[in-house]
Amino acid sequence: MRNRITRRHALRGLGAVVSLPFLECMVPAGARAAAAKPPVRLVWLYAGSGMFMPAFKPAVVGKNWTDAKEFPADTMLSNNVKIAPEVKPLATLDPLLPFKADVSILSGLFHQGAFTRGTVVRHGQDPMCHLTGADLFRVPGIASRNSVSVDRVAARHLGQHTRIPSLALSHDRNMTINYTETGSPVPCDWNPWDVFQRLFSGPTAAEKAQAETRYLQKKSVLDAVVAETKALHGALGAADRERLDEYLTQLREIEERAVQARKWEGVPLPTVPAGVKPLPKVAGVGQTLDLGNPQAAAGNFGPRVRLMLDVLVLALQTDQTRVATAVLGHMGDVYKEEKLNDAYHGYTHGISGPGGQVGMAAVDRLRIGHVAYLLGRMKAVQEADGSTLLDNALVHFGGGMGTWHESTDLANLVAGHGGGQFKMGEHLDCKKAPLAGLYVTMLQAAGVPVKRFADAAAPLGLG
């Protein structure tokens, strides 16, 4: 192009601002041969209330962690509880096998401050302290005080380069894992439609009204920038044209799904037909499903979570943010799409019986499936230097509890390569190293000048 466009360039139309992916023509001509290095993006994913570790944690340390396919005979959990034969080792991780070279499994991590006993129960501490690592009871005379979450630390340094310093998403409007410097909770965005509009519609009141009009007229945000799109398309090289077309196609598809999801937001749930009784109590599970409970009856979280993750990828791909978090599940979720009739929390407390173990492992695998979906979408995004979005990111997934709600031997994994700084594909035994050490590693990989965070005085080595 005669006039090079920059990373801040956008397609603008009536009430619409469409950011662009990273194109080759955004790189100065003199540097194009050595293509400018894309920034490192940081993502934290969370699922609360623990993980059934026998189905998650590999028995083998190192690169051959997939070798162990069966439990040794009469394998027991703690408290002399036998593992149910229906639960298979590594079953939880099956969705990640296509990304084995991009993922490392981290066992043996310790989140000490997050589980100091006090006035807040463990199920409350888990999401509150997952990204802060804080001892809530450290201040004498104060019942509970949190501290800053790691995403906010990252945003403090990286947010100056992007329109949105950090993006905090949740599948549940009442759930957050993000906290300010003073320990106050930060509300999450939970509606994918609203987040999509935030990314691609103008910020003024008039432009927002135009966006609403566009929605009511069933028009796409891309319709508002047709002229600019054609002009830009004609000025790009072949590789950039192909990359732009792929991005705009993906953008339209996600927008259509967001519109469809929005249509149903205000539609009330149907009433239970006359004569329908609650399902009977399932042996080994713990709770009876009340079909008249809207929260239980609405337990199909999969489409919302997938759409939320699609929007997250768009935000990273267009460099509108380099820091993102997402809550994929919590203790109260009822996964009806998996034909599970109890809340996840009920399965964790029914762990002594096969019903609880099987239910917990099924939910764990579903959540890991969401992680795999995100990694697949990130790996499909090609950057201007030929690398992928996943190559230039570090994605952490984990929670603050293990099988028995303990705070050691937590279920954690990290994916991506941090711009080529890390090789993955191993199971690492972290030998009670602080989980916060992984956060330090992630921050440093993105260029954030920190040496410690929470109870970690050094980064965690990833190889």
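**Entry 1: strand pairing around β4**

Before anything else I wrote down a rule: two strands pair if DSSP finds at least two bridges between them. I also noted that I am looking at a predicted model.

With that rule in hand, I went to β4 and strand β9 (residues 427-429), which pair in the parallel sense over three bridges. One spot to click on is I105, which stands opposite H427 in β9.

Next I looked up strand β8 (residues 412-415). Four bridges join β8 to β4, and these two run antiparallel. I found L106 of β4 opposite N412 in β8, and I found that S104 has V414 as its bridge partner in β8.

Then I checked strand β7 (residues 393-398). β7 also pairs with β8, in the antiparallel sense and over four bridges. Here H396 has V414 as its bridge partner in β8. So V414 turned up twice in my notes, once with S104 and once with H396.

**Entry 2: are the faces of these strands covered or open?**

I reminded myself that in a regular strand the side chains alternate between the two faces of the sheet. That gave me two faces to check per strand.

For β4, V103, I105 and S107 sit on one side and S104 and L106 on the other, and all are buried. Five of the five residues of β4 (residues 103-107) are buried, so the strand is largely enclosed by the rest of the structure.

β8 tells a similar story for me: N412 and V414 on one side, L413 and A415 on the other, all buried.

**Entry 3: salt bridges**

How many salt bridges does the count come to? I got six. I wrote up three of them.

I started with E181 and R156, whose side chains meet in a salt bridge at 3.1 Å, N to O. E181 lies in the loop between β5 (167-170) and α3 (192-200) and R156 in helix α2, so the pair ties together parts that are 25 residues apart in sequence. E181 counts as partly exposed at 44% relative accessibility, and R156 counts as partly exposed at 45%.

Next came D310 and R377, with their closest N and O atoms 2.8 Å apart. D310 sits in helix α8 (residues 302-317) and R377 in helix α10 (residues 354-379), so this pair ties together parts that are 67 residues apart in sequence. Buried or exposed? Both D310 and R377 are buried.

Last, I looked at R322 and D319, which also form a salt bridge, the closest N and O atoms being 2.8 Å apart. R322 counts as buried at 15% relative accessibility, and D319 does too, at 1%.

**Entry 4: D151, a charge without a partner**

I found D151 in helix α2 (residues 150-158). D151 is buried yet has no salt bridge. Why not? The nearest side chain of opposite charge, R152, is 5.2 Å away, and a salt bridge needs a side-chain nitrogen of Lys or Arg within 4 Å of a carboxyl oxygen, so R152 does not qualify.

What does D151 touch, leaving aside its neighbours within four places in sequence? I listed W44, L131, S166, N178, V323 and T325.

**Entry 5: helix α10**

I came back to α10, the helix that holds R377. I ran along it from its first C-alpha to its last: α10 has 26 residues and reaches 37 Å, close to the 38 Å expected at 1.5 Å a residue. The helix is mostly covered, with 20 of its 26 residues buried.

**Entry 6: cysteines**

I reminded myself that a disulfide is a covalent bond between the sulfur atoms of two cysteines. How many disulfides does a search of the whole structure find? It finds zero. I still looked at two cysteines: C129 is buried, with a relative accessible area of 0%, and C188 counts as buried at 9%.

**Entry 7: A454**

My last stop was A454, in the segment after α11 (435-445). A454 is partly exposed, with a relative accessible area of 35%. Leaving aside its neighbours within four places in sequence, A454 is in contact with T132, G133 and A436. I also looked up Q112: the C-alpha atoms of A454 and Q112 are separated by 9.6 Å, while the two residues are 342 residues apart along the chain.

Note on methods. Residues numbered from 1 in each chain as written. Predicted model: local features only at pLDDT ≥ 70, side-chain atom pairs only at ≥ 80, totals over all residues. Heavy atoms only, no water. Buried < 20%, exposed > 50% of the residue type's maximum accessible area, 1.4 Å probe, protein only. Lys, Arg positive; Asp, Glu negative; His and termini not counted. Contact = heavy atoms within 4.5 Å. Expected span 1.5 Å × (residues − 1). Disulfide = S-S within 2.5 Å.
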